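Welcome, and thanks for taking a look at this one with me. Below are some numbered notes to read with the structure open beside you.

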Amino acid sequence: MTDTTYLNIKSTKLHTYDAIVVGSGISGGWAAKELTEKGLKVLLIERGQRHDHIKDYKTASQDPWEFGHGGMTTQTQKSDYPVIHRGWAAQEAVMDAWVNEKDCPYSEIKPFTWWRSYRMGGRSVIWGRQSYRLSDLDFEANVKEGIAVDWPIRYKDLAPWYDVVEKFIGVSGTKQGLPHLPDGQFQPGMDLNIVEKEIAKKIGTHYKNSRHLFIGRVANLTSDLPGRSKCQYRNRCWEGCPYGGYFSTQSSTLPAALATGNLHIVTGAIAKQILYDKDNKKATGVEILDTEDNKTYEFKSKIIFVCASALNSTWLMMNSATDVWPEGLGSSSGELGHNVMDHHYNLGASGKMDGFEEFYTYGRRPNGFYIPRFVNLNGDKRSYLRGFGYQGSASREEWQRDVAELGIGVDLKNMLTTPGQWQIGSTGFGEILPHHDNKIMLDKRLYDKDGNITTDTNSGKPKTDKWGLPILAMDAELRENELNMRKDIVEEMKQMFENAGVKDVNIWDAGHNMGHGIHEMGTARMGLDPKTSVLNGWNQVWDAPNVFVTDGACMTSSASQNPSLTYMALTARAADYAVSELKKQNL
Amino acid sequence: MDRRTIIKQISILTGAAFVGGQIFIQSGCKTDGQTTKALLTNDQIALLDEIGETILPQTDSPGAKSTNIGAFMHKMVTDCYSTEEQRIFIEGLENIKQRFETKYSTSFISANADQKTAFLNNVNTEAIAFRKAKKYEDPEHYFVMMKQLTILGYFTSEIGATKALNYIAVPGKYDGSYPYKKGDKAWASS
């Protein structure tokens with residue numbers, strides 16, 4: 001990396017690039033890599049601070065006793081990060097990863113859990129790494145069922161790009177030959193443990209091979225790649241991996257982009273608006289806000305890739321070209337901000353497995369099993385549309401087991417220092433239908449000084465973030481289809497476990513706020529018609545064809561598979577198209 | 001640790017949510033601010049060392065006192081507990097001290113291990129009964145707090161992780177059918 005890679009905004013002279021990429025996460029990193037490798041001079045804009053590979057993973061090699069609070073968070077952190085404390089992400093090792101919620105508020109017209117990481121690499125550093133392809137079952141669902149709008153692409157359009165992405169990032173997994181969960185370019189899959197293998201076998205037998213349990217397809221290496229070592233089975237991925245054992249922007253796409261010499265990066269810079277030339281009907285660049293001194297700067301480019309994470313990409317468009325479209329760039333269809341999706345989860349089943357006491361596990365596998373969708377498939381028909389998958393694992397009880405009801409002393413200590421019974425648990429991930437009324441918007445309501453909504457235009461002011469920028473208001477919820485599916489998710493898992501010999505099966509459903517799945521999708525969907533969609537089949541904004549939106553915002557439906565792999569494939573495909581169109585002088 | 005870990009934590013979730021942890025509880029959190037004055041006295045911390053040692057005593061590996069469990073509990077209660085949880089914890093600690101002295105006419109610290117164990121077993125029985133009667137959202141019994149903190153502090157300490165358990169920082173591989181002999185130690189982290 002050269003010293004000039006990271007720009008000092010205040011003293012920089014170079015303000016013109018071939019391409020600007022907004023956001024350095026999973027999608028933005030891919031856009032930067034593809035565009036620089038194809039010869040473009042690229043500026044990558046990141047609102048958070050620099051977070052260098054290995055050097056800045058400050059807890060990654062600490063032992064448990066170096067943490068101070070045994071992994072728990074403090075009252076101060078609870079106060080600063082109330083949304084993060086709604087779930088499992090509030091853990092001592094990763095609190096620095098999350099955005100300060102006081103600086104960056106949002107409004108919840110309906111409960112919405114938004115987990116944000118504003119720093120170099122974004123959520124690519126802390127993602128769950130499960131990597132599955134969508135199939136035509138997913139791409140054709142909307143049009144076949146008359147839901148929302150049709151996807152403008154099919155599996156064959158994306159398949160070659162899934163190949164490119166999987167080979168480059170390294171996805172370990174096993175081929176299953178399932179048409180609705182296409183196989184890919186896999187490194188050797190990790191192992192199921194002995195209990196998971198037994199349950200996989202029994203589920204296969206009981207359901208006559210119509211249901212499948214296999215090792216998760218995960219962006220952790222089982223073979224070395226250039227500059228990256230294979231997974232060391234520490235299961236501390238989200239602190240950053242000193243071995244580069246899993247895909248993140250830092251471990252994978254950023255080094256490739258830097259190697260071209262074509263990349264400049266600016267951090268601490270919020271993309272405030274896309275600059276739009278209404279005469280030529282094209283974007284001309286991006287106005288950024290320096291988070292240190294609140295000053296704004298303009299950068300010009302021929303094309304722009306918006307990869308700020310689904311809801312922030314839409315926020316950026318809502319703040320752009322408002323002199324032409326009051327609701328922002330891309331709003332002419334009336335769909336910008338609408339059709340928010342996620343995967344609903346926070347429910348599942350768990351139980352105990354007798355026997356296997358002569359077996360344990362060695363190593364901490366950062367992966368579990370996957371059970372792909374089996375409902376509304378191959379003749380199966382349910383009372384709701386679409387489906388769900390499951391993720392889980394089996395393990396022996398260790399010292400973290402519930403001790404509230406146990407005694408104290410030598411017996412307790414002996415119990416906690418030896419492995420207990422095998423247990424298994426599984427969590428469902430369900431598809432959420434795109435619904436026009438599930439939406440986000442700029443919060444233009446007026447608030448008085450106590451934070452209450454008011455109609456008094458003299459004293460009331462809109463809520464803003466630390467830098468005086470407008471904030472998002474979320475108005476989305478699970479609807480009938482999802483709620484019906486949830487009953488089935490827990491019941492089917494219970495039955496599968498019981499049919500596989502699991503004992504004392506408990507079901508649980510802790511409810512699901514939108515966003516809690518950390519798979520925000522939609523709000524700038526792709527489509528075939530500019531009247532009903534924001535983006536075309538190449539992820540171009542219909543109203544500004546030199547602007548490409550390739551993160552989760554573009555999704556036309558959610559499928560039930562973890563979505564990040566699809567964003568990467570869509571980004572690589574769009575970048576290839578953008579460069580060829582640039583060469584033809586069509587952009 | 002990531003979202004799969006919630007499977008591992010199910011037993012904790014369905015049993016006693018970790019006090020101060022707020023896991024899965026979607027209520028707002030009050031700010032209690034940092035106290036400048038130490039919450040516990042040195043005598044109270046010394047008493048917590050003895051309580052911790054009684055919960056997880058020395059066996060073929062050192063007990064909780066060897067890890068300065070009292071200081072760990074003090075830090076956790078100060079930094080991670082709400083004001084209400086702090087009050088319950090401190091009152092509970094004083095309760096143990098007073099009741100023990102009334103019953104045995106000696107201080108907890110200077111009593112023998114059998115007396116300590118017998119007494120805290122009774123407190124533990126009270127805590128279990130208390131939990132059965134309480135509503136889910138009600139605060140935990142102070143002895144559940146002490147037990148949780150002792151276990152967390154001990155097994156994440158260097159002594160607990162490396163002497164009472166088996167700790168390997170970099171396993172390097174995964175074996176899902178690793179042979180196990182009864183009595184072999186469990187892993188410190190997984």
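1. Let us begin with a small puzzle: which residue in E20(A) is the bridge partner of Ser107(A)? The residue to look for is Ala473(A). Please keep in mind throughout that this is a predicted model.

2. That bridge belongs to the pairing of E3(A) with strand E20 (residues 472-475) of chain A, which is parallel and rests on two bridges. The two strands are part of an open sheet of three strands with mixed pairing, in the order E3-E20-E16 (chain A). Strand E3 (107-108) and E16 of chain A each have a single partner strand, so each is left with one side lacking a neighbour in the sheet.

3. Just ahead of E16 you will find Asn438(A), in the loop that links strand E15 (422-430) to strand E16 (439-442) of chain A. Is this residue buried or exposed? Asn438(A) counts as buried because it has 24 C-beta neighbours inside 10 Å, and the cut-off for that label is 20 or more.

4. Who are the companions of Asn438(A)? Leaving aside residues up to four places away in sequence, Asn438(A) touches Asn339(A), Val340(A), Ala476(A) and Glu477(A). With Ala476(A), the C-alpha atoms are 4.1 Å apart, although the two positions lie 38 residues apart along the chain.

5. Chain A also has an open sheet of six strands with antiparallel pairing, in the order E6-E13-E14-E15-E11-E21. At its edges are strand E6 (214-215) and strand E21 (503-509) of chain A, each pairing on one side only. Strand E11 (residues 347-353) of chain A runs antiparallel to E21(A), and five bridges join them. One place to see this is Leu347(A), whose bridge partner in E21(A) is Asp509(A).

6. Have a look at what lies over that sheet. Helix H10 (residues 480-499) of chain A lies across E11, strand E14 (388-396), E15 and E21 of chain A. Relative to E11(A), helix H10 of chain A runs at about 10 degrees.

7. A helix pair in chain A is worth a stop too. The axes of helix H1 (residues 26-37) and helix H11 (residues 564-583) of chain A come within 9 Å and cross at roughly 30 degrees. Angles under 35 degrees count as roughly parallel, and H1(A) and H11(A) are therefore roughly parallel to each other. The crossing is right-handed. Residues of H1(A) in this contact include Trp30(A) and Leu35(A), while those of H11(A) include Tyr567(A) and Val579(A). By class, the contact between H1(A) and H11(A) has nine nonpolar, three polar and two charged residues.

8. Turning to chain B, the count is eight helices and one strand, and along the sequence the pattern reads α-α-α-α-α-α-α-α-β. Of the 190 residues in chain B, buried ones make up 42%. Among the chain B contacts with a separation of 6 or more, 59% join residues 24 or more positions apart.

9. How do the two chains meet? Their contact takes 72 residues from chain B and 65 residues from chain A. Elements that each supply at least two residues of the chain B side include helix H3 (42-55), helix H6 (113-133) and strand E1 (175-179). By class, the chain B side divides into 34 nonpolar, 26 polar and twelve charged residues.

10. Finally, strand pairing also links the chains. Strand E12 (residues 359-362) of chain A pairs with E1(B) in the antiparallel sense over three bridges. There, Phe359(A) stands opposite Pro179(B).

Key: Residues numbered from 1 in each chain as written. Chains lettered and ligands numbered in written order. Predicted model: local features only at pLDDT ≥ 70, side-chain atom pairs only at ≥ 80, totals over all residues. Helix = DSSP H or I, 4+ residues; strand = E, 2+ residues; numbered from the N terminus. Buried ≥ 20, exposed ≤ 12 C-beta atoms within 10 Å, placed from the backbone. Contact = placed C-beta atoms within 7 Å. Nonpolar A, V, L, I, M, F, W, Y, C, P; charged D, E, K, R; others polar. Pairing = 2+ DSSP bridges. Axes fitted to C-alpha atoms, helices over the stretch in contact; angles between N-to-C directions. Parallel < 35°, antiparallel > 145°, perpendicular 65-115°, else oblique. Left-handed = near helix turned anticlockwise from the far one by under 90°.
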